[in-house]
Structure formats: C-alpha cells, structure tokens
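Here's a quick walk through a protein model, written with the bench in mind. Have a look at the fold before reading on.

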Amino acid sequence: MPPEAMTSRFAAAGESPGFLLWRISNAWQQRQRAALQPLGLTHVQFVLLASLVWLTQHGKAVTQTDLAAQAQTDLMMTSQVVRALEARGLLTRATSAHDRRARVLTPTPAGAALAAAAITVVEAVDAGCFAEGDAAWLQGMAQRLGLPGLPDERSRATAPEGDES
C-alpha cells in the first residue's frame, strides 16, 4: 500500500527555505572538512580550538563549560573533543582553583599555532562560499532565532569592565 500523499506549501523542495538552509549548511561543512583535513582537524575540533584561543586572547580563564557556551556545543561532546585535543598536545586541562569540579583549558603553543593556520584555511573557504553582505544577513537570522550575535559578543569582550553596552 503506498504512503499517503505528503502536501507542502512549496511546489518544489528547492523552494523551501529550511531545506535550502539544510543543503547549504551541508555543502559548506563538507568544504570545511575537506580544507581542514590536511591539518588533521575535524571541523568541530577547529571550532573548539579556535574558540579557546579567541577566549584566552581576550583575557578569560576558560572552562569546558565556557567553551561549550561560546561554541554552542553539547557539554559531553565538548568534553570528548577537548580530551582528543589534549591528547594531541594542543591544549592543557587543569583543575580550577575556584571549583575543583571545573577544568580550566589553555591552548598550548602548538594549539595556538594550529588554530592560527586553520583560521586562514577556514576563512578562505568562507570567502569562496559567501558574498559580501552575507555575514550581516546571517547575523540578522541568528538574532531572529535567538542566537547570540557576534557583534554583541565582540563589543562585550572589548568593553571596559562594568560597561554592558
């Protein structure tokens, strides 16, 4: 017996913004994976390592929880990836002086160097995938979805202490 007919408000799958976003995201991720492979990094390893370096450069003592929040990744997955990066000598984990349950992460010189090399590769892929103005459009979409906006994060990271603007 054939399944019941599925109805959609779209005449073709390619007219659905959600389906298009799915396909675009997959195509972009595929390009990122291929570009990062020669560096020995997965895309999620890159995101977490680069986020750690960025947060550290902005004067923050970074815990695994902080890193997961910055990258918007699952805590368990973040822990697993952090252990793999630690095993490769790209970061260190130390018990927090303030909370013995928390682990403070620090990129090693090798980790910081790899993140610097990888950001060049990732940004080259981005340049090939996105046109000028796409970042602003994507930031607007992120805000509509309730995701943290990058311009706000940058201004908070560089604002004087006590200044929430």
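## An aromatic pair

F130 is partly exposed, at a relative accessible area of 31%. W28 is partly exposed too, with 21%. (Buried is under 20% relative accessible area, exposed is over 50%, and partly exposed is in between, using a 1.4 Å probe and protein chains only.)

These residues matter here as a twosome: the structure holds one aromatic pair, and because the ring centres of W28 and F130 sit 6.5 Å apart with planes at 50 degrees, it counts as tilted. W28 belongs to helix α1 (residues 17-36), while F130 lies in the loop between α5 (109-129) and α6 (134-144), so the pair links parts of the chain 102 residues apart. For the cut-offs, rings of Phe, Tyr and Trp (its six-membered ring) pair if their centres lie within 6.5 Å; planes under 30 degrees apart are stacked, over 60 edge-to-face, and the rest tilted.

## Where α1 meets α5

W28 also turns up in a helix contact, alongside R31, Q32, A35 and L36 of α1; on the α5 side are A118, V121, V122, V125, D126 and C129. Contact here means heavy atoms within 4.5 Å. By type, these residues come to eight nonpolar, one polar and two charged. (Ala, Val, Leu, Ile, Met, Phe, Trp, Tyr, Cys and Pro count as nonpolar, Asp, Glu, Lys and Arg as charged, and the others, Gly among them, as polar.)

The two helices, α1 and α5, pack at about 145 degrees with axes 10 Å apart. Axes are lines fitted to C-alpha atoms over the stretch in contact, and angles run from 0 to 180 degrees between N-to-C directions.

## The nonpolar core

The largest nonpolar core has 22 residues, and L41, F46, L67 and L85 have the most contacts inside it. Such a core is a set of buried Ala, Val, Leu, Ile, Met, Phe, Trp, Tyr and Cys residues joined through side-chain atoms within 4.5 Å. α2 gives the most, with seven residues.

What does L67 touch, leaving aside neighbours within four places in sequence? L67 is in contact with L48, S51, L52, V62, T78, V82 and L105.

## The whole chain

Seven helices and three strands make up the secondary structure. Helices (H or I, at least four residues) and strands (E, at least two) are DSSP runs, numbered from the N terminus. Of the 165 residues, 27% count as buried.

## About the model

This is a predicted model: local features need pLDDT of at least 70, side-chain atom pairs count only at pLDDT 80 or more, and totals for chains, interfaces and linings use all residues. Residues are numbered from 1 along each chain as its sequence is written, and side-chain values use heavy atoms, with hydrogens and water left out.
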